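User: Please take a close look at one helix of this model and at what surrounds it. I would also like notes on any backbone or side-chain details worth listing.

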Amino acid sequence: MRLPAFRSSGDPGSNVLPDAQNRRVRREADSSYRDRPQAAADTCLGYHNMSIAASLCSRARGFHHARFNRSATRRAVPPSSRLLTRLLGSDPGLLRFHTALRSVTACLLTGVVTIGWTVQVHRPPTLAAFALLFAMVAPLFLRDATPRGWFRSLAVIYGTGCACFIAASALAAWPLAADAAFLAVLFAAMLVQACGPRALGGAMTGVVAFYLGLYLHPTLVHGFTMLGLSMVALVIVAFTGRVLVPTRPDATLRRALTAVTQRAATVLADRRADEPEAVRHLSLLNEAALAVEEQLGLLDLPGAQRLRACLIDVEVVAGQHAVDSRRLDRSDVRLRIALRRLSRAGRDAVASAARAAKTGVKRPASAALAWRDALAWLPACRATTAALIAMLIGHSVSPERWFWAVITTFVVFLGTRSRGDTIRKTGERVLGTLAGVAVSAALMGAFHGMPWLLVAAMAACVFGWAYFILTSYGQGVFFITVLVGLVYGELGFAIGPLIEMRVEEVFVGCVVSIAVAVSMMPLRTSRHVDTKVTGVLDALDEVLRVCNTSVEAMHPLTAMRALDRRWHELRIALRPLQTQRVFAWNTQVELAVGPLFACVQAARELARETARGAAADEARARLSGALAMFAARSGRNTTEPDAAVAGGLVAAR
């Protein structure tokens, strides 16, 4: 079996061919890529129905590439670099890592100042609770690019938290009024959940602050003391976010480009014949490319359009490399060439971002969302109904810990759009809680009498919660449950009854959430997936319209990125069905995902060729064939396989 004519030295952008031979291979690859004739049916079969011999060949070569790259990487890369590579692979640009670092740094500094002051003046340490909660939650939602917008978000989050804490402290003496006000705060928080990070941060801080005020019901003197200590937390959060761990657009852009290169290297090294694995690798590559696009949207860079074109080029060539086993050697060369072009464009863009950061020239923040369209009325009604039922049941279980049941319903309904999504989230909540209470009990027994180790464990829990809570809900619940157990245990509460009470209240909240979701949530998971599929087809229609009519208001690459975002929304909507696969297999959905992704890949190639001003007949033929196959596999009405692209799109719908 003939292997590729060159080897990689560990860097996917490196080239070990002589210059003259490199130019010759590049000309052959580019000419073959431009001039090869393929029919629509052949290209569609190239995406989905490879021959047995080609599959065996690609598996053998992929095993050779993966083994060689792994051995070379282990020999050349130190452990710290391998750890950074893993972090970039799961977190493009290290945005979540730096957010978690800001949260844990602000918490540690706030705890040192506020708890140290309470110990010095012989006051209860619970006076620092509001300051610590604000320092932990606020950094997650401070995402504005400009300093003015960043401080405005900080002021909104802090002001909302203070107002809710004052209202809860004032109403604590009247339980019925306090409960009604708590439901109103939950309703308002759910209502603005889709109005951007600033509104969501204010909502989360307001709910937590109201819960804290009802639970502690401080006196007037203690309330003013807690507000004074929270101002210390406000200063520390600002100092941490702007000085200690600042947001550097050039460094974030460079790390995001590194993540793109690494995921493209995974496609290059790991040749798979099965369709789901190729879709997963290419979707991860597309996620990293979207992370780069988000950073480009925050800055006004001269070379941004060139970098966008290079990103699209890498994705197109990677897609062809993953599915076209008949031209493995040439696709290797094309992908390496595309990565080198991306590297050059990335260096220029990073340098421009660094100059823009020094001179303060930044693109103005995007226009605010239309709040009237973004308000989530039905989710707010469902969550408030579930919170009311959980409040009534939770009061009968524990008059002091019923807040846990209500908070459970709030976080379970936050961001969910279908019944299956709600059920999946409640399952993650239960599993994370059970694992968290077990670990917290073990840590309290192991670290008893060792306060510094407990503080280190609490800091690790804060970091883990901030890193996972917005992306992997179950892991975030695990860390916050461990943190709650450690805090209560350090305050002197008996850990056994506390764990039992928390599990009971969480179960109450989860059961109520599932009951309300089944009875009041009209959108089934299958209908939700169908809605997202229609969104992908609409975005695909927009790409075709822009490429066919040369619309001045939108660039083909911009329309393609809108299609990519719709595709990732569909992948999120499919998660409940992937969980359900353990019990049942949805044949139509499973079979239709691959051809739909082939449509997205063909549309990406069409957008790239249109942006270059080149002929795109082959991309149109591939798109037509992929649409016909998607229509056939999804069980929808279809036309002949060799129909035009427009007819195929109508058939897919």
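Analyst:
**Helix H6 and its surroundings**

Seven of the nine residues of H6 are buried, so this helix is largely enclosed by the rest of the structure. Buried means under 20% relative accessible area, exposed over 50%, and partly exposed in between (1.4 Å probe, protein chains only). Helices are DSSP runs of H or I with at least four residues, numbered from the N terminus. The model is predicted: local features need pLDDT of at least 70, side-chain atom pairs count only at pLDDT 80 or more, and totals for chains, interfaces and linings use all residues. Residues are numbered from 1 along each chain as its sequence is written, and side-chain values use heavy atoms, with hydrogens and water left out.

The buried residues of H6 are Ala 129, Phe 130, Ala 131, Phe 134, Ala 135, Met 136 and Val 137. Their cover includes H5, H7 (147-171), H9, H10, H19 (451-468) and H20 (473-490), where contact means heavy atoms within 4.5 Å.

The loop between H5 (95-120) and H6 (129-137) holds His 122. His 122 is exposed, with a relative accessible area of 73%, and its phi is positive, near 60 degrees. Most residues other than glycine have a negative phi.

Two of the covering helices, H9 (197-216) and H10 (220-244), are joined by a loop that contains His 217. The phi of His 217 is also positive, near 30 degrees.
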